[in-house]
Amino acid sequence: MREEIITSGRMNPKIDPYLNIWHWEIPIYLFLGGLAAGILFFAAFYTINGKEKDFPTAIEKTPLIVPFLLVIGLISLFLDLHHKLYFWRLYTTIRLESPMSWGAWVLMIVTPLSFIWAAIHLKKVFPSFKWPFPWLDIIEEFFIKYKKVIAWAMIISSLILGMYTGILLSAFNARPLWNTSILGPLFLVSGLSTGAAMNILFAKTHLEKKTFSTIDLALIGVELFLIVHLFMGLLASTQVQIDAASLFLGGSYTAAFWVLVVLMGMVIPAILEILELWKFKIPLFVPALLVIFGGILLRFIITFAGQTSRWLY
Amino acid sequence: MRYAMAIDTKKCVGCSDCVIACQTENNVPIGYCRDWIVEVTDGTYPQLEMEIRSERCNHCDNSPCVRCCPTGASHIVEGGIVLVTPNECIGCGACIASCPYDARYPHPDGHVDKCTFCVHRVEKGQQPACVGVCPTNCLYFGDLDDPKSEVSEILKTRKYKTLIPQAGTEPQLYFLI
């Protein structure tokens, strides 16, 4: 049998025997970024459509957690840096060729927007809340006046943020598993789906629960469609892409991906949501939690598996 | 000007002198290396062929590491040499993930580190440390734009290959075969 044996004298920490540069920080950030994007998208969407009365949870309540999500995400991004004291270098330049650069700038736009959005809705969620200084009320009034403008800024920047979490990985030609343009839309849709799930968890009215359950169901359908296309694309490509796909088709990530992400994170919640639509009594927090759990694991598995996929030469 | 290196895989014996010379010259932290030896054994026993390569950063013309760097710390200087400015580097790891040759590593000090083609020596008209010490003279360094340079001359007379050209990086290490 013909064989090829490659022996390398290189043993650099975090590089060999396979790339191990990104740990839990990156997938946690990718998840939180996507979740924040999803929540902000729905809040802005229903505001622009003038549905404030029907969707108080999506517009007022759930976005209150977004500043926390983004701050935790930013902290984990910071923890991932190896040269931490130089992080400000990100904001002394704009490099459009680098997804990480424009992602950092998008975060610089989305994070303050999320704080403003949460601030102008605090009084609606907590009626007894009062600002400690009167000038804060003046600022609040100003932002409430321009709420629709903020909503438009939020809907655009949240879509870019959700997309960027996937593009960050797909820009790396050196890691064949990541190097597919499906990853951008897949992470965006997954982020929207976890955002819808979060709204289901917080929703009080039947209308909101049912609407977000239906939206989530549609988004899971799109996700499954994108996953099929992801593998079709990889398997129809070159040997390195086929090897990358085989990590999930018999390789070491097969069980984790298909059982935990696809079955528990997508198929089972989809079935429960269909049953709910058929008037079965399903506690909706179950599919919602499963979707969130699947969203986290999707990021972890893609980030870790991608680092083991490589060109051989 | 376009600096490049040619590595004669027929002459290389894999002694790792280039690795040690680089570590000494560039004060590479212990346990890390900027260049390394790869041995490839190929064939059906007993008809085996062996190729020994001294590898390092390919100083690619279309370098993904420079493209994905969010701060501009990874950059290209005159002659096409790809360098990292330590106090502009935030250590995000994007360039490390983007390199199909895995030629970069996180320096224990935090910034990313890699082969510099010994730019500090080349500026003075000297050869990179690895080239200077090679006991079999299997490494050739020089300017591809100068038809009289050693590296241009050897590439005219010998067959050569580059590593994973299909990755589209236009690598500038030429392996003589």
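Student: Which strand of chain B does β1(B) join over 5 bridges, and in which sense?
Tutor: This is a predicted model. In it, A4(B) of β1(B) stands opposite G142(B). The 5 bridges run antiparallel, and the partner is strand β8 (residues 139-143) of chain B.

Student: Which strand pairs with β1(B) in the parallel sense?
Tutor: One facing pair helps to place it: D8(B) stands opposite L176(B). The pairing spans 4 bridges, and the partner is β10 (residues 173-176) of chain B.

Student: How many residues of β1(B) are buried?
Tutor: Take the two faces in turn. Y3(B), M5(B) and I7(B) point one way and are buried. A4(B), A6(B) and D8(B) point the other way and are buried too. The strand, residues 3-8, is therefore largely enclosed by the rest of the structure, with a buried count of 6 of the 6.

Student: Why do side chains of a strand fall into two sets?
Tutor: In a regular strand, side chains alternate, so they are shared between the two faces of the sheet. In β1(B), Y3(B), M5(B) and I7(B) make up one set. The other set is A4(B), A6(B) and D8(B).

Student: Which strand of chain B does β1 of chain A join, and where does I6(A) find its bridge partner?
Tutor: Strand β1 of chain A covers residues 3-8. With β2(B) it runs antiparallel, over 6 bridges. The bridge partner of I6(A) in β2(B) is V40(B).

Student: How much area do chain B and chain A bury between them?
Tutor: The contact takes 48 residues from chain B and 41 residues from chain A. Carbon and sulfur atoms hold 56% of the buried area. The total is about 3,800 Å².

Student: How many salt bridges are there between chain B and chain A?
Tutor: One pair that spans the chains is R2(A) with D42(B), at 2.5 Å from N to O. Polar contacts between the chains, with both residues at pLDDT 80 or more, come to 23 residue pairs. The salt-bridge count between the chains is 3.

Student: Which element gives the most to the side of chain B that touches chain A?
Tutor: Elements that each supply at least two residues are β2 (36-44), β3 (47-55), α2 (64-68), α3 (94-98) and β6 (105-106) of chain B. By class, that side has 26 nonpolar, 13 polar and 9 charged residues. The top contributor, with 9 residues, is β2(B).

Student: Which residues are linked with R10(A) in a network of salt bridges?
Tutor: The whole structure holds 17 salt bridges over all chains. The network around R10(A) includes residues of both chains. Its other members are D16(A), R175(A) and D102(B).

Student: How far apart in sequence are the parts that D137(A) and K123(A) tie together?
Tutor: The two form a salt bridge, with the closest N and O atoms 2.7 Å apart. D137(A) lies in α5 (residues 134-145) and K123(A) in α4 (residues 99-125), so the pair ties together two helices of chain A. D137(A) is partly exposed at 24%, and K123(A) is partly exposed at 29%. The separation is 14 residues.

Student: Are R53(B) and E55(B) buried or exposed?
Tutor: Their side chains meet in a salt bridge at 2.8 Å, N to O. Both residues are buried.

Student: What does K156(B) count as, by its relative accessibility?
Tutor: K156(B) forms a salt bridge with E153(B), the closest N and O atoms being 3.8 Å apart. Both lie in helix α6 (residues 150-157) of chain B, 3 residues apart. E153(B) is partly exposed at 36%. K156(B) stands at 54%, over the 50% cut-off, so it counts as exposed.

Technical notes: Residues numbered from 1 in each chain as written. Chains lettered and ligands numbered in written order. Predicted model: local features only at pLDDT ≥ 70, side-chain atom pairs only at ≥ 80, totals over all residues. Heavy atoms only, no water. Contact = heavy atoms within 4.5 Å. Buried area = accessible area lost by both parts, 1.4 Å probe. Salt bridge = Lys/Arg side-chain N within 4 Å of Asp/Glu carboxyl O. Polar contact = N/O pair within 3.5 Å; in protein donor to acceptor, adjacent residues only side chain to side chain. Nonpolar A, V, L, I, M, F, W, Y, C, P; charged D, E, K, R; others polar. Pairing = 2+ DSSP bridges. Buried < 20%, exposed > 50% of the residue type's maximum accessible area, 1.4 Å probe, protein only.
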